[in-house]
Amino acid sequence: MYDAIVDHIFELFERFGSESYGENATQLQHALQVAELACRHGCSAELIAAALLHDVGQLLDDAGNAAERRGIDAHHEVSGATFLGKHFSAGVTEPVRLHVAAKRYLCAVEPSYLDTLSDASRLSLHYQGGPMSALEIGAFEATAFSDNAVKLRRFDDSGKQSERYPPGLAAYQDLLKGLAIR
Ligand code: FE
């Protein structure tokens, strides 16, 4: 059990969690809603942690977050996965790293999916490369944890409700501490 990283993550949410997620919810509210959906769907502890932390890259680099709000792709999924990769296994970090690719994947394989995206998410799709090509689809499906990235993506899209305040971060402290590897 390695507690320092969990304390660090909690500090990030404390400092930046009240910032707007760029839609109708705050960063913390969004993270908690997405994690709650993963819990309710009976996901593994690793996927619940990934759901909670999938946008942590936006908390690490506020400049990047601001850029994304202006429609420039700052690759928060990569910075987040790299940060988490020092402390968590691939079962946590890969769904985080792949959650933007999963959106491009779903847009390509499920035409109706595009209609379910928020305005901000549809705008960023353009900067993220648009729907995947047939070649990219094959490569994505062959990537480990891409199935969990797709699950996470659907929770991500549903966790943007301005009026919903799920149980707080403290509920995830033991789960995160149990998963931290260094
Ligand atoms: Fe998100």
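## Iron site

In this predicted model, the iron ion has as its protein donors Tyr21 through OH, His30 and His54 through NE2, and Asp55 and Asp156 through OD. The donor distances run from 2.2 to 2.5 Å. Along the sequence, the donor residues follow the spacing Y-x8-H-x23-H-D-x100-D. Within this set, His30 and Asp55 form a pair that links distant parts of the chain: His30 belongs to helix α2, Asp55 lies in the loop between α3 and α4, and 25 residues separate them.

Both His30 and Asp55 are buried.

## Internal cavity

A search of the whole structure returns one cavity of 30 Å³ or more. The volume of the largest cavity is about 50 Å³. Its lining comprises Phe13, Gln27, His30, Ala31, Ala51, Leu52, Leu53, His54, Asp55, Val56 and Leu59. The elements that contribute two or more residues to this lining are α2 (27-40), α3 (45-53) and α4 (56-60). By residue class, the lining of the largest cavity contains seven nonpolar, three polar and one charged residue.

The cavity and the metal site share residues: His30, His54 and Asp55 appear in the lining and also serve as donors of the iron ion.

## Cysteines

The structure contains zero disulfides according to a search of the whole model. For Cys43, the closest cysteine sulfur is that of Cys39, at 8.2 Å; this is too far for a bond, because a disulfide requires the two sulfur atoms to lie within 2.5 Å.

Cys43 has a relative accessible area of 14% and is therefore classed as buried. Cys107 is likewise counted as buried, because its relative accessibility is 9%.

## Overall fold

The chain holds 13 helices and zero strands. Read along the sequence, its pattern is accordingly a succession of α elements, α-α-α-α-α-α-α-α-α-α-α-α-α.

The radius of gyration of the chain is 15 Å, which agrees with the value near 16 Å for a compact globule of 182 residues. Taken along the principal axes, the C-alpha atoms fill a box of roughly 40 × 30 × 30 Å. Of the 182 residues, 50% count as buried; His30 and Asp55 at the iron site are buried, as are Cys43 and Cys107.

Note on methods
Residues numbered from 1 in each chain as written. Predicted model: local features only at pLDDT ≥ 70, side-chain atom pairs only at ≥ 80, totals over all residues. Heavy atoms only, no water. 1 Å grid on protein atoms, 1.4 Å probe; cavity = no way out; pocket = protein on both sides within 12 Å on 5 of 7 lines; lining within 4 Å. Points joined across faces, edges and corners; volume = space filled by probe spheres on them. Helix = DSSP H or I, 4+ residues; strand = E, 2+ residues; numbered from the N terminus. Nonpolar A, V, L, I, M, F, W, Y, C, P; charged D, E, K, R; others polar. Donors = N, O, S within 2.8 Å, 3.2 Å for Na, K, Ca; no water. Buried < 20%, exposed > 50% of the residue type's maximum accessible area, 1.4 Å probe, protein only. Rg over C-alpha atoms; globule rule 2.2 N^0.38 Å.
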